[in-house]
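Here is a short set of exercises to work through with the model open beside you. Try each task first, then follow the solution step by step.

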Amino acid sequence: QVQLEESGGALVQAGGSLRLSCAASGLTGLTFSAYAMAWFRQPPGKEREFVAGIMRSDGAPYDADSVKGRFTISRDNAKNTVYLQMDSLNSEDTAVYYCAARAGFTVWDSASMYSYWGQGTQVTVSS
């Protein structure tokens, strides 16, 4: 059973930066590099939404329009870890951020396409 653990969430002022990490464990049969990884977030009172994803093979990133140019997703397959570098944060970025994984080549922006989820990490941006 794949387990994902996020870390790095915090209270930060608007304009600041944070880096989230998501470490995978319990990988059996497939290596971490066989999984497409993604970050989703759920703002207070709203639906969970796609933030960014990264393909398993060439590491090509895909970003939601709302974070394009501000957030960067990356992965280190040797460490079984995916990262989300968040810059120029604003109050609309306040949310619980979740890491998700799916065995497969493609990144999807639909939460239903991901089999494994972390517990989430809180990011709060104060204005």
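**Exercise 1. Work out how well strand β8 is covered, and which strands flank it.**

Step 1. Strand β8 is mostly covered, with five of its six residues buried. Buried here means under 20% relative accessible area, exposed means over 50%, and partly exposed is in between (1.4 Å probe, protein chains only). Strands (E, at least two residues) and helices (H or I, at least four) are DSSP runs, numbered from the N terminus.

A word on the basis of these values: this is a predicted model, so local features need pLDDT of at least 70 and side-chain atom pairs count only at pLDDT 80 or more, while totals for chains, interfaces and linings use all residues. Residues are numbered from 1 along each chain as its sequence is written, and side-chain values use heavy atoms, with hydrogens and water left out.

Step 2. Look for partners, remembering that two strands pair if DSSP finds at least two bridges between them. β3 pairs with β8 in the antiparallel sense over six bridges, and Leu 20 stands opposite Leu 84 in this pairing.

Step 3. β7 also runs antiparallel to β8 (residues 81-86), joined by six bridges. Here Phe 71 faces Met 86 across the pairing, and Ser 74 has Tyr 83 as its bridge partner.

Step 4. Finish at the turn. Four residues lie between the strands of the β7 and β8 hairpin, and Asn 80 takes a positive phi near 55° there.

**Exercise 2. Sort the side chains of β7 by face.**

Step 1. Recall the general pattern: in a regular strand the side chains alternate between the two faces of the sheet.

Step 2. Apply it to residues 71-76. Phe 71, Ile 73 and Arg 75 point to one face and are buried. Thr 72, Ser 74 and Asp 76 point to the other face and are not buried.

**Exercise 3. Describe the largest nonpolar core and the surroundings of one of its residues, Leu 84.**

Step 1. Set the terms. A nonpolar core is a set of buried Ala, Val, Leu, Ile, Met, Phe, Trp, Tyr and Cys residues joined through side-chain atoms within 4.5 Å.

Step 2. The largest such core has 38 residues, and those with the most contacts inside it are Met 37, Trp 39, Val 82, Leu 84, Met 86 and Tyr 97. Two or more residues each come from β3, β4 (35-42), β5 (49-54), β7, β8, β9 and β11 (121-126). β4 gives the largest share, six residues.

Step 3. Now list the contacts of Leu 84, where contact means heavy atoms within 4.5 Å. Leaving aside neighbours within four places in sequence, its partners include Leu 20, Trp 39, Val 51, Phe 71, Ile 73 and Tyr 97.

**Exercise 4. Find and characterise the disulfide.**

Step 1. A disulfide is a pair of cysteine sulfur atoms within 2.5 Å, and a search of the whole structure finds one.

Step 2. Cys 22 and Cys 99 form it, with their sulfur atoms 2.1 Å apart. Cys 22 sits in β3 (residues 18-25) and Cys 99 in β9 (residues 95-103), so the pair links distant parts of the chain, 77 residues apart.

Step 3. The torsion about the S-S bond is about -80°, so the disulfide is left-handed. Both Cys 22 and Cys 99 are buried.

**Exercise 5. Place two loop residues, Leu 27 and Met 113.**

Step 1. Leu 27 is in the loop between β3 and β4 and is partly exposed at 23% relative accessibility. Beyond four places in sequence, Leu 27 is in contact with Val 2, Phe 32, Tyr 35 and Asn 80. The C-alpha atoms of Leu 27 and Asn 80 are separated by 9.3 Å, although these residues are 53 apart along the chain.

Step 2. Met 113 lies in the loop between β9 and β10 (116-117); its relative accessible area is 32%, partly exposed. Beyond four places in sequence, Met 113 is in contact with Arg 102 and Trp 108.

**Exercise 6. Summarise the whole chain.**

Step 1. The chain has zero helices and eleven strands.

Step 2. A compact globule of 127 residues would have a radius of gyration near 14 Å, and the chain agrees, with 14 Å. This radius is taken over C-alpha atoms, and the globule rule is 2.2 Å times the number of residues to the power 0.38.

Step 3. Buried residues make up 43% of the 127.

Notes. Contact = heavy atoms within 4.5 Å.
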